[in-house]
Amino acid sequence: MLPYQYVFDHKPVGVYVLYGVWDALTAPLPVGKFTVLALLSLAAFAAMARSIWHTRWLWVFAALVLLGAPFELLAGNTETLLITTELAVIWLTRKGTFATTQQTNRALLLMAAGATFGLTVNINYLEGICLFLPVCFLLLTNTRPLFNVVLFALGTCGGLVVLFSPYLVQGHHALADYFTLQHTFLHSYSAKLSKRIKAVLLLAAYLAVFSPILIKWFGQKSILKTAPTPDTTLLTLWFVSSVPAVLLSGHPFSHYSGLWFAPVSIMLVLLAQQKIHFSGWAFAPLATVVVLRAC
């Protein structure tokens, strides 16, 4: 119920809005409602990826479902929604800055992107880090950067006002109490040094497993180097922003790595569509990890 004060695993309020709405809509389903939500989220992700990078929808969806097993993308974790809302912010921002649309339409798209950004950051604060480089790239490297930033900021403020409107209506310092509890929870959630070391080691292990894709993407003969475009740069910046976000989580949980796996899955499909050659054993470690985690 909104405005809520405190519940176990005190995530930002956006989580409870999205999951609460979905829970109400799927009340007749006895089991599996959040797996269905995850599949719909991944399907929307694949559709937006096709719109931006001209990837094949089924290939991206299959990569997410099959290779995403180590990151529990079908388990109903919020990270499954996060990668889709992240891409929604990128998709809307790109349409508002790159597309040759009317001025009014551009303004609406950028404000919608800002509002979506406000929502996704309040699902998980790490999203602000994941989206920092790609959003800055889109807003600042196109025509009228100040215009883009102002409209995006206005949309973000508007989205936050709508999201926190129950607290504003209640009054009596409800919003201040909410953020006080958020601060208390995040301070308590901070991991010890031993867990942070384990998180770094887990991230390094996963990146090593996915290194054949990353080597081809960043290598001297990759499409990033031979055919650089704003959209391939955008995808690279999204990945680069997501890696430190996973480290800042401070916990060795596999589902956090789904944040950087999302852009990597698109990289893999782009490489496959370009018929980039991989050695026969390149994906053996990845296949082993996926099978073990799926079982």
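Are Tyr-167 and Tyr-178 buried or exposed? Both are buried, and I come back to that pair in point 6. A few notes from going through the model, which is a predicted one.

1. Overall picture. The protein chain is helical, with 16 helices and 0 strands. For 295 residues, a compact globule would come out with a radius of gyration near 19 Å, and the chain has 20 Å, so the two agree. Along the principal axes, the C-alpha atoms fill a box of roughly 65 × 50 × 45 Å. Of the 295 residues, 47% count as buried. Among contacts with a separation of 6 or more, 76% come from residues 24 or more positions apart.

2. Helix H4. This one covers residues 78–97. With 20 residues at 1.5 Å a residue, H4 should span 28 Å, and its end C-alpha atoms are indeed 28 Å apart. Since 18 of those 20 residues are buried, H4 is largely enclosed by the rest of the structure. Ile-90 sits in this helix and counts as buried because its relative accessibility is 0%, under the 20% cut-off. Setting aside neighbours within four places in sequence, Ile-90 is in contact with Ile-52, Leu-131, Pro-134, Leu-138, Leu-234 and Trp-238. If you want a distance for orientation, Ile-90 and Val-36 are 54 residues apart in sequence and 24 Å apart in space, C-alpha to C-alpha.

3. Helix H15. Residues 258–273 make up this helix, 16 in number, and it reaches 22 Å from its first C-alpha to its last, close to the 22 Å expected. Here too burial is the story: 14 of the 16 residues are buried, so H15 is largely enclosed by the rest of the structure. After the helix comes Lys-275, whose phi is positive, near 60°. On the other side, Ser-257 lies in the loop between helix H14 (230–249) and H15. Ser-257 counts as buried, at 2% relative accessibility. Beyond its neighbours within four places in sequence, Ser-257 is in contact with Phe-71, Leu-203, Tyr-206 and Val-246.

4. The main core. Nonpolar side chains tend to be buried together in soluble globular proteins. In this model the largest nonpolar core has 74 residues, and those with the most contacts inside it are Phe-45, Trp-53, Leu-87, Phe-210, Trp-238 and Trp-260. Which helix gives the largest share of this core? H15 does, with 11 residues. Trp-260 deserves a click in the viewer: leaving aside neighbours within four places in sequence, Trp-260 is in contact with Phe-71, Leu-203, Tyr-206, Leu-207, Phe-210, Phe-239, Ser-242, Val-243 and Val-246.

5. Aromatics. The structure holds 20 aromatic pairs. One of them, Trp-57 with Phe-61, is stacked, at 5.1 Å centre to centre and 5° between the planes. These two are 4 residues apart in helix H3 (residues 57–67), so about one helical turn separates them. Trp-57 is partly exposed, with a relative accessible area of 30%, whereas Phe-61 counts as buried at 18%. Remember that the cut-off for buried is under 20%.

6. The tyrosine pair. Tyr-167 and Tyr-178 form a tilted aromatic pair, 5.1 Å centre to centre with 50° between the planes. Tyr-167 belongs to helix H9 (residues 165–170) and Tyr-178 to helix H10 (residues 174–189), 11 residues apart. Back to the core theme: a second, separate core of 6 residues includes both tyrosines along with Leu-163 and Phe-164.

7. An aromatic cluster. Phe-71, Tyr-206, Phe-210, Phe-218, Phe-239, Trp-260 and Phe-261 form one aromatic cluster. Several names recur from above: Trp-260 is in contact with Phe-71, Tyr-206, Phe-210 and Phe-239, among others, while the contacts of Ser-257 include Phe-71 and Tyr-206.

8. Charges over rings. There are a couple of these to look at. The charged end of Arg-56 sits over the ring of Trp-59, 4.3 Å from its centre. Arg-144 does likewise with Phe-147, its charged end over the ring and 4.3 Å from the ring centre.

Technical notes
Residues are numbered from 1 along each chain as its sequence is written. This is a predicted model: local features need pLDDT of at least 70, side-chain atom pairs count only at pLDDT 80 or more; totals for chains, interfaces and linings use all residues. Side-chain values use heavy atoms; hydrogens and water are left out. The expected span of a helix is 1.5 Å times one less than its number of residues. Buried means under 20% relative accessible area, exposed over 50%, partly exposed in between (1.4 Å probe, protein chains only). Rings of Phe, Tyr and Trp (its six-membered ring) pair if their centres lie within 6.5 Å; planes under 30 degrees apart count as stacked, over 60 as edge-to-face and the rest as tilted. A charge sits over a ring if NZ of Lys or CZ of Arg is within 6 Å of the ring centre and within 35 degrees of the ring normal. A nonpolar core is a set of buried Ala, Val, Leu, Ile, Met, Phe, Trp, Tyr and Cys residues joined through side-chain atoms within 4.5 Å. Contact means heavy atoms within 4.5 Å. The radius of gyration is taken over C-alpha atoms; the globule rule is 2.2 Å times the number of residues to the power 0.38.
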